[in-house]
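Let's walk through this small protein together, with the fold first in view and the details after. Keep the structure open as you read.

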Amino acid sequence: MTALDHRLIDLLVCPLCKGPLQMQRTPGGQPRALSCAADRLAFPIRDGIPVMLESEAQPFEPTPAA
Ligand SMILES: [Zn+2]
């Protein structure tokens, strides 16, 4: 299902700025959220389904470049 996984992510863009999203994973490697660096919002993934709703998005601080 890895190919499908990648295909799904390719189709998803930020609903606000239409920019690219980055997958956030748990330490166990499970998809956790899709984050938009431009808006600093992370959209949760619930039961493997991305929830692309601004009302569900959580503020997210991009990791500062060291
Ligand atoms: Zn965005």
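In which strand is the place of Arg32? Arg32 sits in strand S2. Please keep in mind that this is a predicted model, and that the values here are computed from it.

**The neighbourhood of Arg32**

Is Arg32 buried, partly exposed or exposed? Arg32 counts as partly exposed because 15 C-beta neighbours lie inside 10 Å, and a residue would need 20 or more other C-beta atoms within that distance to be buried. Setting aside neighbours within four places in sequence, Arg32 is in contact with Gln24, Arg25, Thr26 and Ile45. You can also look across to Phe43: its C-alpha atom is separated from that of Arg32 by 8.8 Å, with the two residues 11 apart along the chain.

**The overall layout**

Stepping back, the protein has 1 helix and 5 strands. Read from the N terminus, the order of elements is α-β-β-β-β-β. Of the 66 residues in the protein, 15% are buried. Among contacts with a separation of 6 or more, 13% come from residues 24 or more positions apart.

**How the strands pair**

Now to the sheet pairings, taken one by one. Strand S1 covers residues 22-25 and strand S2 covers residues 31-36, and the two pair in the antiparallel sense over 4 bridges. Within this pairing, Gln22 has Ser35 of S2 as its bridge partner, while Met23 stands opposite Leu34 in S2.

S2 also pairs with strand S3, residues 41-46, in the antiparallel sense and over 4 bridges. Here the bridge partner of Cys36 is Leu41 in S3.

S3 in turn pairs with strand S5 (residues 58-59), antiparallel, over 2 bridges. Leu41 appears again in this pairing, with Pro59 in S5 as its bridge partner. S3 is also joined by 2 bridges to strand S4 (residues 49-50), again antiparallel, and there Ile45 has Pro50 of S4 as its bridge partner.

**Three hairpins and their turns**

The hairpins are easy to set side by side. Each row gives the strands, the residues between them, and a turn residue with its phi.

| Hairpin | Residues between strands | Residue with positive phi | Phi |
|---|---|---|---|
| S1 and S2 | 5 residues | Gly29 | about 90° |
| S2 and S3 | 4 residues | Arg40 | near 55° |
| S3 and S4 | 2 residues | Asp47 | about 55° |

Two of these turn residues deserve another look. Arg40 has its positive phi of about 55° although it is not a glycine. Asp47, too, is a residue other than glycine with a positive phi, near 55°.

Where do they sit, and how open are their surroundings? Arg40 lies in the loop between S2 and S3. Arg40 is partly exposed because it has 13 other C-beta atoms within 10 Å. Asp47 is found in the loop between S3 and S4. Asp47 has 5 other C-beta atoms within 10 Å, so it is exposed; the cut-off for that class is 12 or fewer.

**The nonpolar core**

Which residues make up the largest nonpolar core? There are 9 of them: Cys14, Leu21, Ala33, Leu34, Cys36, Leu41, Ala42, Phe43 and Ala57. S2 and S3 each supply at least two residues of this core.

Leu34 is a good core residue to click on. Not counting residues up to four places away in sequence, Leu34 touches Leu12, Leu21, Gln22, Met23, Ala42, Phe43, Ile45 and Pro50. Met23, on that list, is the residue that stands opposite Leu34 across the strands. Ile45 and Pro50, also on the list, are bridge partners of each other.

Cys36 and Leu41 are worth viewing together as well. Both belong to the core, and they are bridge partners between S2 and S3.

Conventions:
Residues numbered from 1 in each chain as written. Predicted model: local features only at pLDDT ≥ 70, side-chain atom pairs only at ≥ 80, totals over all residues. Pairing = 2+ DSSP bridges. Core = buried A, V, L, I, M, F, W, Y, C linked by C-beta atoms within 7 Å. Contact = placed C-beta atoms within 7 Å.
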